[in-house]
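Here is a short report on one protein model. Look at the sequence and the fold first, then read on.

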Amino acid sequence: MAVNPERQPLWEQFYNCSNELNEALRQRTPVLQSNFYIYHPLEYAGDIYRNFLEKYLNGPKRIWFVGMNPSRYGSLQTGIPFGDIPTVRDRMHLQGGVTNPPELHPNITITGLDSLEEEEEVSSKRFWNLIKAIFNDEEDFLDRFFQNCFIHNFCPLVFIDNNGHNISFESLAERMPMEIKAMEEACLNALQEQVELLRPEIIIPVGLYAFNMLQRLDYNKNGNCLLERIPHPSPKNFVYESGWIKICKLILMNSNIFDIIRS
């Protein structure tokens with residue numbers, strides 16, 4: 001996709017890039033489909049995702065947070081990166097219906113913003129609690145965050161094993177490196193286009209895997225860009241939410257990013 005800011009609104013160009021990536025990944029998953037249930041939330045929850053971009057991606061962003069891929073809880077239902085349902089529905093005030101994927105795990109239902117599974121979406125809650133803490137618990141912290149920042153995932157797909165457990169893209173890359181390599185390249189190509197659209201000054205990978213992928217990207221193509229990693233908010237990394245938030249705030253303060261987020 002050629003990047004042309006004069007042709008379409010930025011959010012719509014980003015939306016088209018996401019759709020093209022989703023289709024490219026579909027062509028690269030036949031082997032995985034025999035081992036996992038593969039969900040494409042940007043398709044069946046496309047209305048919510050489109051509304052997210054239209055609301056928050058109104059121009060280039062100074063800071064871009066990049067996660068790995070959606071998890072089973074929250075993002076599986078909403079299509080929004082780190083999209084636990086209370087945040088998406090009650091704080092972002094996004095709406096949109098969902099359709100059923102062609103193949104569903106027998107123990108998983110897709111009900112979108114009506115899902116009751118959000119209680120287990122620890123990573124998303126931790127991330128948004130970090131942002132809320134940066135803005136001193138102000139009621140409009142989300143609107144202030146999106147003035148200068150954006151968030152998205154490296155890979156838009158959710159992978160579920162036969163037992164109904166979420167499998168991270170990082171775990172797949174370790175277990176099936178040859179099968180995942182082509183998918184990583186497709187994601188990197190899309191990410192390069194997205195960087196050219198957003199023109200960020202700072203990219204913040206959320207977790208080591210996203211950091212390793214972004215190091216392969218020409219993120220300085222449009223000028224100097226700082227790459228600064230924060231740890232992933234998974235409960236596997238930190239038992240206590242306050243510990244993760246404290247560490248992330250220190251990283252952002254020491255790299256002079258904290259004040260840019262708040263500006």
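Axes are lines fitted to C-alpha atoms, for helices over the stretch in contact, and angles run from 0 to 180 degrees between N-to-C directions. Helices (H or I, at least four residues) and strands (E, at least two) are DSSP runs, numbered from the N terminus. Contact means heavy atoms within 4.5 Å.

This is a predicted model: local features need pLDDT of at least 70, side-chain atom pairs count only at pLDDT 80 or more, and totals for chains, interfaces and linings use all residues. Residues are numbered from 1 along each chain as its sequence is written, and side-chain values use heavy atoms, with hydrogens and water left out.

**The sheet**

Start with the strands. Strands of a sheet pair through backbone hydrogen bonds, either parallel or antiparallel. Here, two strands count as paired if DSSP finds at least two bridges between them. Four strands make an open sheet in the order S3-S2-S6-S7, with parallel pairing. S3 and strand S7 (226-227) are at the edges with a single partner strand each, so one side of each has no neighbour in the sheet.

S2 and S3 run parallel and are joined by five bridges. One partnership links Phe65 to Ile151 in S3. Strand S6 (residues 202-205) pairs with S7 over two bridges, again in the parallel sense. There, Ile203 has Leu227 in S7 as its bridge partner.

Is S3 mostly covered or mostly open? It is mostly covered: five of its five residues are buried (buried means under 20% relative accessible area, exposed over 50%, partly exposed in between, with a 1.4 Å probe and protein chains only). Cys149, Ile151 and Asn153 lie on one side of S3, with Phe150 and His152 on the other.

**Helices that pack**

Helix H10 (residues 177-198) lies across strand S2 (63-67), S3 and S6. H10 runs at about 160 degrees to S2. The axes of H10 and H1 come within 10 Å and cross at roughly 175 degrees. H1 and H10 are therefore roughly antiparallel (angles under 35 degrees count as roughly parallel, over 145 as roughly antiparallel, 65 to 115 as roughly perpendicular and the rest as oblique).

Which residues of H1 meet H10? They include Leu10, Phe14, Cys17 and Leu21. Among their partners in H10 are Met183, Ala186, Ala190 and Leu197.

Now take helix H4 (residues 46-56). Its buried residues are Gly46, Ile48, Tyr49, Phe52, Leu53 and Tyr56. They cover an arc of only 165 degrees around the axis, which puts them on the same side of H4. The arc is that of the directions from the helix axis to the C-beta atoms. Their cover includes helix H1 (10-26), helix H6 (85-91) and strand S3 (149-153).

**Two loops and a buried residue**

Most residues other than glycine have a negative phi, and most peptide bonds are trans. Two asparagines have a positive phi:

| Residue | Loop between | Phi | Relative accessibility |
|---|---|---|---|
| Asn136 | helix H7 (122-134) and H8 | near 55 degrees | 54%, exposed |
| Asn256 | helix H12 (241-254) and helix H13 (258-262) | near 65 degrees | 59%, exposed |

Ile134 belongs to helix H7. With a relative accessible area of 0%, Ile134 is buried. Not counting residues up to four places away in sequence, Ile134 touches Leu252, Phe258, Ile261 and Arg262. The C-alpha atoms of Ile134 and Asp259 are separated by 9.0 Å, though the two residues are 125 residues apart along the chain.
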